[in-house]
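Student: I'd love a close look at a single part of this model, the part where charged side chains are joined up with one another. Could you take me through that part slowly, and then show me how the rest of the chain looks around it?

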Amino acid sequence: MKIIFKRQTAIASASPLMCATASRSVLPIGDGMLIEAKNPDICIFTTYDLEKGMRTAVEAKVIEEGSYIISAQKFIQTLKVMEGDEVTLTVDDKLSACISSGTSTHRMSALPSSDFPKLPDLKSPLGYELPADTLKKMLAKTMYAIGVNDQRPVLNGCFFRVTDDRLLLVSCDSFRLARCATHMTVDNRNDDGEYLHYSFIMPVRTVNELYKLLPDSDENIRIYMMRKHMVIMLGEITFFSSLIEGEYIDYDRIIIKTHRISIETDRAALISALERAALVTEERVAGSVRSHVKLEIAGNSLKISANSSTGSTFDEIFVKHEGEDIIIAFNNRYLLESLRACTGEKIKISLSTPLSSINIEPVDGEENEEDIFMLLPVKMKD
């Protein structure tokens, strides 16, 4: 195999694919990138870590066809330190890869393409389109509450429900729950013109990488659905991932809808007060992080306080209060993340007792009317 390509073009094309390599794998194939060169001048880069994968076409001049696996990390690092605009990649029958540019030459080992993991089917007639920025905003509202290594596999992912006019996302890690929805026209009809509905769970690592890849624009992306995996077309990149099998939790049943107490306040003011409290709550004591912040609601006043061995903090902000007075405590970082996810200038916090979950909702904005962020309190110590 022999290929000539522009050095910066190859770097730009290969770098995003690093997210789908198993960098910690003990196997040589772990961080491998499959390079396929075909005439006329078609070169495809592919990475796959058995959960998610990426592939993209690269502009190149194919001198000799072939397909081999080389280390993605070493390949990109070599390209970055090379000089010159053009780079030549050659792989011989002895599985020796040579990268040359100008007077510089670098050699590394290669593997046969047959050793690359078998890819899932990347073609399906079933799928839908939606704006990239809409999906990115919704992921930002929910990804913080996805479980990591939870004993219930379904919580280690984000739940999607797609209909012809609505997109719903839900995440939960046993302590926090985030639900957001948007009404939009989703082009998801089959060949007979019938609308198709989808429900699936996207793994947390896939969510994190997809969020980084999505552009901040309203250009449509195409998502294809299979039984056990999905394929997302992002410009020149094909991103694919396995899905988590199982039935997601009954999130509507978990959310308390009849709270006795509520407050409305300025979101930015509350976040600012909690960020000051984080100077105390994030102090590391004996290897653990103290994240306890206490909220006292009395009349139209919300008092925020925290104490540690190095100091204390106190803030007071104005709120619109309905119901009885209450004192409640939270993991400060969890509370901050929930508030940051809840967009809008004004927020409403609904609660009942010091040990029952609270709901955080935006007060203004029709587009956010279905958003709700639930958080469990912590037990206060005397």
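Tutor: Happy to! Let's begin with a network of salt bridges that links Asp-173, Arg-176, Arg-333 and Glu-337. Please keep in mind that this is a predicted model, and that every value below is computed from it.

Take the pair of Arg-176 and Glu-337, whose side chains meet in a salt bridge with N and O 2.2 Å apart. This pair links distant parts of the chain: Arg-176 belongs to strand S14 (residues 176–183) and Glu-337 to helix H7 (residues 332–341), with their positions 161 residues apart in sequence. What about the burial of the two partners? Arg-176 has a relative accessible area of 5%, so this residue is buried. Glu-337 comes to 22% relative accessibility and therefore counts as partly exposed; the cut-off for buried is under 20%.

Glu-337 has another partner in the network, Arg-333, and here the salt bridge has an N to O distance of 3.6 Å. Both residues sit in helix H7, and because they are four residues apart, about one helical turn separates them. Arg-333 is partly exposed, at 39% relative accessibility. Glu-337 thus takes part in a bridge to Arg-176 in strand S14 and in a bridge to Arg-333 within helix H7.

How many salt bridges does a search of the whole structure find? The search gives 16. One of the pairs is Lys-6 with Glu-86, where the closest N and O atoms are 3.9 Å apart. Again distant parts of the chain are linked, with Lys-6 in strand S1 and Glu-86 in strand S7, 80 residues apart. Lys-6 is partly exposed, with a relative accessible area of 45%, and Glu-86 is partly exposed too, at 46%.

Strand S7 (86–91) leads us on to some charges in another setting. The loop between strand S7 and strand S8 (96–101) holds Asp-92, which is partly exposed at a relative accessible area of 30%. Asp-92 gathers with Glu-64, Glu-65 and Asp-93 in a surface patch of negative charge. The loop between S7 and S8 also contains Leu-95. Leu-95 is not a glycine, yet its phi is positive, about 60°. With 28% relative accessibility, Leu-95 counts as partly exposed.

For a backbone comparison, look at Asn-149, another residue other than glycine with a positive phi, near 60°. Asn-149 is placed in the loop between helix H3 (132–142) and strand S12 (157–162), and its relative accessibility of 70% means that it counts as exposed. A further backbone feature is the cis peptide bond that joins Asn-39 and Pro-40, with omega about 0°. Pro-40 lies in the loop between strand S2 (32–38) and S3.

Strand S3 (residues 42–48) also brings us to the aromatic side chains, since Phe-45 lies there. A search of the whole structure finds eight aromatic pairs. One of them is Phe-5 with Phe-75, an edge-to-face pair with 6.2 Å from centre to centre and 90° between the planes. Phe-5 is in strand S1 (residues 2–6) and Phe-75 in helix H2 (residues 72–81), so the pair ties together parts that are 70 residues apart in sequence. Phe-5 and Phe-75 are both buried. Phe-75 pairs with Phe-45 as well: the ring centres are 5.9 Å apart and the planes stand at 90°, so this pair is edge-to-face. With Phe-45 in strand S3 and Phe-75 in helix H2, the pair ties together parts that are 30 residues apart in sequence. Phe-45, like Phe-75, is buried, and Phe-5, Phe-45 and Phe-75 form one aromatic cluster.

Finally, let's step back to the chain as a whole. Its secondary structure comes to seven helices and 29 strands. The C-alpha trace spans about 80 × 60 × 35 Å along its principal axes, and of the 382 residues in the chain, 51% are buried. Among the strands is S23 (residues 301–308), where Ile-304 lies; at 1% relative accessibility, Ile-304 counts as buried. From C-alpha to C-alpha, Ile-304 and Arg-152 are 34 Å apart in space, and in sequence they are 152 residues apart.

Conventions
Residues are numbered from 1 along each chain as its sequence is written. Side-chain values use heavy atoms; hydrogens and water are left out. Patches are made of residues with over 30% relative accessible area and no salt bridge: like charges are joined within 9 Å, nonpolar side chains (Val, Leu, Ile, Met, Phe, Trp, Tyr) within 5 Å. Accessible areas come from the Shrake-Rupley method with a 1.4 Å probe; for residues, only the protein chains shown count as cover. A salt bridge is a side-chain nitrogen of Lys or Arg within 4 Å of a carboxyl oxygen of Asp or Glu. Lys and Arg count as positive and Asp and Glu as negative; His and the chain ends are not counted. The place of a charge is taken as NZ of Lys, CZ of Arg, CG of Asp or CD of Glu. Helices (H or I, at least four residues) and strands (E, at least two) are DSSP runs, numbered from the N terminus. Buried means under 20% relative accessible area, exposed over 50%, partly exposed in between (1.4 Å probe, protein chains only). Rings of Phe, Tyr and Trp (its six-membered ring) pair if their centres lie within 6.5 Å; planes under 30 degrees apart count as stacked, over 60 as edge-to-face and the rest as tilted.
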